[in-house]
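Welcome to a short set of exercises on helices and their surroundings. Have your viewer ready, try each task, and then read through the solution.

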Amino acid sequence: MNNRYLTPLIVLSLASLIACTPTRVGDQVALNSPANWQHAPNTQTTETSDLKTWWQGFNDPLLNELIDQALTANHDLKIATARVREANAMVTVAEAALYPSLDFSLSGGREKRIDRIVGVPSGQGIKLITPTADAVSGGLAARWEIDVFGGRHLEAEAAAAQAQGSQEGLHAAQVGLLAQVATNYLELRGVQQRIGILQKNIDLQRERLRTLQAFLKAGLANEADIARQQTLLQGTEATLPTLVNAEQNLIHRLGVLLGEPPENLGTRLASAGSLPKQAPAMPNLLPADLLTQRPDLRLAQTEVSAAAASLGSARADLYPKIVLSASGGLGALAVGGFPSLADSVYALGSGISAPIFNAGRIRAQITAADARLEQVAAHYEKTFLLALEDVENAFVAHRSASDSFSRLTEAEASAEKAYRLVDTLYSRGAGNYLAVLDAQRGKLAVSDERAKAETAVSVAMVSLYRAFGGGWTVDSLVSGIDNESIASRDKQ
């Protein structure tokens, strides 16, 4: 067969072998997923699509505003976004090795060297001279490593999986950010509500002290009553700085999450506000749905895929590598005293290399890559178990907080009823003023506990949506990954 037809035929044959990728390793990890949740409530109505904007279920305009600002200005999201760009660029770097490289070169110069002496005829015989040489050359050079055994393709797949993992890391950062903003905001509103209740309690304690002091002058009380009331008042007042400190810390934390100095939020959040009266409905997902919804699980899956591809790439180093090369261009050489030379030049070549002895380096790299795959597979399984634990704990916390809130709401209603009865008796002259103050103080104490339970219910709902991986969508963040390119590689 003519040689000019043999080379293209060989190239086509090798290219057909590339698609086989004989060193590819599977990336599937079997997970034991329960059929249902153990502690989920009996009734669940929320659709899965509601997870992406779950915070809107609180129907709090200020919370919506804070979350919108956090999504725009939070520094952790900016860092994660930059990591996505970096990882996507590395995909291009890895994919570039699959294609031929073409380089242009141009060089020239003048040279005169003592070790290049020539003799030229002259009237007195042979004359020795050191000629000056001017040389100029330029052209194109191409090189292509044919990926017969799929090593380069698998490297590109590993880079693509890592890029996808960085995208899932960005999703996970968003989920965590939204949960932190909502949690801190709800806890802030709860603390502010408790501060208001505490201030009413302090005013009530002071009123009771003044009443006892008046009774002391009238001979209706003694010094011990005054001392006990002063102790109770001072203990109640000592609680106020702790709550105020918690309020300021929560405002400062929100400032960091929103990417602005804390003082900028002072006027927006320092004024007391009530907890949202609405809450998102209970999510409705099965345990297996976490695999697609939670970004940390999706990230763990990409780590398995990247490790499997890296193991296949390491195995490909055991096989030969074939390289085709070609170059061509123009060159000119002019030597003083001689005619100048200019001509076109070219070179065609091919090469093959195969490992024979490397002191166990390649086998060790394969072992290390296999161990890495085992690690990330175990990490994937562990992450799934942690996700199940996260959801179950959130269900238990929400149920516990809801039960406490329900009972404390009833207790608050009973305390309110008792206060009104005592106040009615006092207004009719059948009771004393201290009993009215005591009943009112008891009601405020129950109201404080009810406020803590109400906050816990809202925070538990946030934790539940965070455990389900709510708060992100593929369209909400820049992907930057060539999905068609990835899909085409997956088919190979």
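**Exercise 1.** Which residues in α3 are buried? Find them, and then work out how they are arranged around the helix axis.

*Solution.* Keep in mind that this is a predicted model.

Step 1: pick out the residues of α3 with under 20% relative accessible area. They are Leu77, Ala80, Val84, Ala87, Asn88, Val91, Ala94 and Glu95.

Step 2: look at their directions from the axis. These buried residues cover an arc of only 115°, so they lie on the same side of α3.

Step 3: turn to the other side of α3, where Arg85, Glu86, Thr92 and Val93 are exposed.

Step 4: place Ala82, another residue of α3. Its relative accessible area is 37%, so Ala82 counts as partly exposed. From C-alpha to C-alpha, Ala82 is 9.5 Å from Leu170, although 88 residues separate the two in sequence.

**Exercise 2.** Check the end-to-end span of α3 against the value expected at 1.5 Å a residue, and do the same for α4.

*Solution.* Step 1: α3 covers residues 75–96, which is 22 residues, and should span 32 Å. Its end C-alpha atoms are 32 Å apart, in agreement with that value.

Step 2: inspect the start of α3. There, a side-chain oxygen of Asn74 comes within 2.9 Å of the backbone nitrogen of Asp76.

Step 3: for the 67 residues of α4, 99 Å is expected, and the distance from first to last C-alpha is close to this at 97 Å.

Step 4: look just beyond the helix. Gly219 follows α4 and has a positive phi, near 80°.

**Exercise 3.** Describe how α2 and α4 pack.

*Solution.* Step 1: choose the descriptors. A packed pair of helices is described by the angle between the axes and the distance between them.

Step 2: read them off. For α2 (residues 61–73) and α4, the angle is about 145° and the axes are 10 Å apart. The crossing is right-handed.

Step 3: list the contacts. The α2 side contributes Leu62, Leu63, Leu66, Ile67, Ala70 and Leu71, which meet Gln174, Leu177, Leu178, Val181, Ala182, Tyr185 and Arg189 in α4.

**Exercise 4.** Is Thr183 buried or exposed, and which residues does Thr183 touch beyond four places away in sequence?

*Solution.* Step 1: locate Thr183 in α4, residues 151–217.

Step 2: its relative accessibility is 17%, so Thr183 counts as buried.

Step 3: a polar atom of the Thr183 side chain lies 2.7 Å from the backbone oxygen of Ala179.

Step 4: beyond four places in sequence, Thr183 touches Val459 and Val462.

Key
Residues are numbered from 1 along each chain as its sequence is written. This is a predicted model: local features need pLDDT of at least 70, side-chain atom pairs count only at pLDDT 80 or more; totals for chains, interfaces and linings use all residues. Side-chain values use heavy atoms; hydrogens and water are left out. Helices (H or I, at least four residues) and strands (E, at least two) are DSSP runs, numbered from the N terminus. Buried means under 20% relative accessible area, exposed over 50%, partly exposed in between (1.4 Å probe, protein chains only). A polar contact is a pair of N or O atoms within 3.5 Å; within protein, one must be able to donate a hydrogen and the other to accept it, and residues adjacent in sequence count only if both atoms are side-chain atoms. Contact means heavy atoms within 4.5 Å. The expected span of a helix is 1.5 Å times one less than its number of residues. The arc is that of the directions from the helix axis to the C-beta atoms. Axes are lines fitted to C-alpha atoms, for helices over the stretch in contact, and angles run from 0 to 180 degrees between N-to-C directions. A crossing is left-handed if the near helix is turned anticlockwise from the far one by less than a right angle, and right-handed if clockwise.
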